[in-house]
Amino acid sequence: MRVAFRRKYCLHPDAPRGCSRHVISAHSVQRAILAKYIAVNGHVTQFNVEPTADLSMGMLIDPRRRGINQATTFFGFCHKHDSEFFRQLETLAFTFERKQIALLGYRAICRDSYGKEAEIAANDAGRFYVMMNPDIGGFPEKNYAYQIRRLAMLNARKNFARARAVFAEMLTTHNFADLRFFALQFDEPPVYVASSMFLPEWDFNGDRLQDLSGLDDYYPICFSSWAAGDAAAAVFCWHASADHICRPFIESLREAPTPRIATWILALAFHYYD
């Protein structure tokens with residue numbers, strides 16, 4: 001099951017064409033940002049995802065200290081494409097330029113797509129392990145939970161793939177007319193960072209945006225807690241096809257009292273980011 005989270009492949013839009021031979025542990029959040037603002041003695045606290053053989057529990061998530069060389073990494077890009085494709089995000093100051101925002105979104109989508117593929121494979125391995133070890137017991141109940149979870153994860157994978165495709169098209173054609181974003185810059189340096197994509201089910205007022213209990217098409221939004229200069233930044237972005245979900249979500253955030261916006265975003269980060 002742990003091997004599933006260490007598979008190595010490249011999620012560049014052209015992959016495997018043009019890939020280098022070495023797949024790296026790519027950072028979803030820049031190492032320089034971690035080192036400058038977050039790390040204490042070269043370490044940060046990060047939520048760790050751990051598979052479990054108990055099919056009724058799914059993944060175990062707990063906070064752990066990680067060195068900045070390993071924190072926020074996943075094996076989702078080859079060395080060539082990671083360095084070339086994200087150069088404008090990695091080497092230039094973040095200025096809320098549209099391509100930079102699209103790159104933030106694409107990296108978040110790839111990171112969560114990689115995690116979803118790993119979760120599906122780990123779930124399959126867990127079922128096989130339980131099936132081949134009758135002493136564990138309770139296989140029918142565990143298998144029922146597995147089947148439901150697998151359907152949900154396969155549907156999520158489909159929706160993640162659609163999001164990855166539309167962001168890849170924007171970045172490869174350099175046409176950002178369909179990019180939507182909402183960004184905030186704060187007065188203080190960041191105290192936490194995150195890069196994730198999620199499916200907003202409710203807005204900040206408690207109104208339902210989409211019902212995730214079925215196997216329908218769902219629409220994600222990307223969130224990055226970043227650094228712009230020496231100030232914290234919160235960046236939400238999505239494709240125009242998700243306007244009917246993401247615009248009401250953002251509007252509900254914009255309606256929040258100004259002193260509470262940062263707190264609401266922090267709560268969101270803890271709720272969705274693992």
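Me: At 1.5 Å a residue, what span should the twelve residues of helix H6 (residues 243–254) have, and how far apart are its end C-alpha atoms?

Reply: The expected span of a helix is 1.5 Å times one less than its number of residues. Helices here are DSSP runs of H or I with at least four residues, strands are runs of E with at least two, and both are numbered from the N terminus. For the twelve residues of H6 the expected span is 16 Å, and the end C-alpha atoms are 16 Å apart, so the two agree. Please keep in mind that this is a predicted model, in which local features need pLDDT of at least 70 and side-chain atom pairs count only at pLDDT 80 or more, while totals for chains, interfaces and linings use all residues. Residues are numbered from 1 along each chain as its sequence is written, and side-chain values use heavy atoms, with hydrogens and water left out.

Me: Which residues of H6 are buried?

Reply: Start with the general idea: an α-helix has 3.6 residues a turn, so residues three or four places apart point the same way. "Buried" means under 20% relative accessible area, "exposed" means over 50%, and "partly exposed" lies in between (1.4 Å probe, protein chains only). In H6, the buried residues are Asp243, Ile245, Cys246, Phe249, Ile250, Ser252 and Leu253.

Me: What covers those buried residues of H6?

Reply: Look for contacts, meaning heavy atoms within 4.5 Å. The cover includes strands S5 (179–185), S6 (194–198), S7 (221–228) and S8 (231–239), together with helix H7 (258–272).

Me: In what order do the strands form the open sheet?

Reply: Two strands pair if DSSP finds at least two bridges between them. Here four strands form an open sheet in the order S5-S8-S7-S6, with antiparallel pairing. S5 and S6 are the edge strands, each pairing on one side only. From one strand to the next, the twist averages 20°. Helix H4 (residues 98–131) packs on the sheet and touches S5, S6, S7 and S8, and its direction makes about 70° with that of S6. For such angles, axes are lines fitted to C-alpha atoms, for helices over the stretch in contact, and the values run from 0 to 180 degrees between N-to-C directions.

Me: How many bridges link S7 to S6, and how many link S7 to S8?

Reply: S6 and S7 pair over five bridges, and S7 and S8 over seven. Try following Cys222 in S7: Met197 stands opposite Cys222, and Cys222 also stands opposite Cys237 in S8. Ser224 in S7 has Ser195 opposite. The hairpin of S7 and S8 has two residues between the strands, and Gly229 there takes a positive phi near 65°.

Me: Why is S7 described as largely enclosed by the rest of the structure?

Reply: Because eight of its eight residues are buried. Both faces of S7 are covered, with Ile221, Phe223, Ser225 and Ala227 on one side and Cys222, Ser224, Trp226 and Ala228 on the other.

Me: Where do I find positive phi angles at residues that are not glycine?

Reply: Look at Phe96, with a phi of about 65°, in the loop between helix H3 (87–90) and H4. Another is His174, with a phi of about 60°, in the loop between helix H5 (139–173) and S5. Phe96 counts as partly exposed because its relative accessibility is 22%; His174, at 52%, counts as exposed.

Me: Which residues have the most contacts inside the largest nonpolar core?

Reply: A nonpolar core is a set of buried Ala, Val, Leu, Ile, Met, Phe, Trp, Tyr and Cys residues joined through side-chain atoms within 4.5 Å. The largest has 51 residues, and Phe77, Phe94, Tyr106, Phe167 and Leu179 have the most contacts inside it. H4 gives this core its largest share, nine residues. Leaving out residues up to four places away in sequence, the residues that Phe167 touches include Tyr106, Leu179, Cys222 and Cys237. A second, separate core of 22 residues includes Phe236, Trp238, Phe249 and Leu253.

Me: Is His12 buried or exposed?

Reply: His12 is buried, because its relative accessible area is 10%. Find it in the segment before strand S1 (23–27). Beyond its neighbours within four places in sequence, His12 is in contact with Phe77, His81, Phe85 and Tyr106. Pro16 is also found in the segment before S1, and the peptide bond from Ala15 to Pro16 is cis, with omega near 5°.
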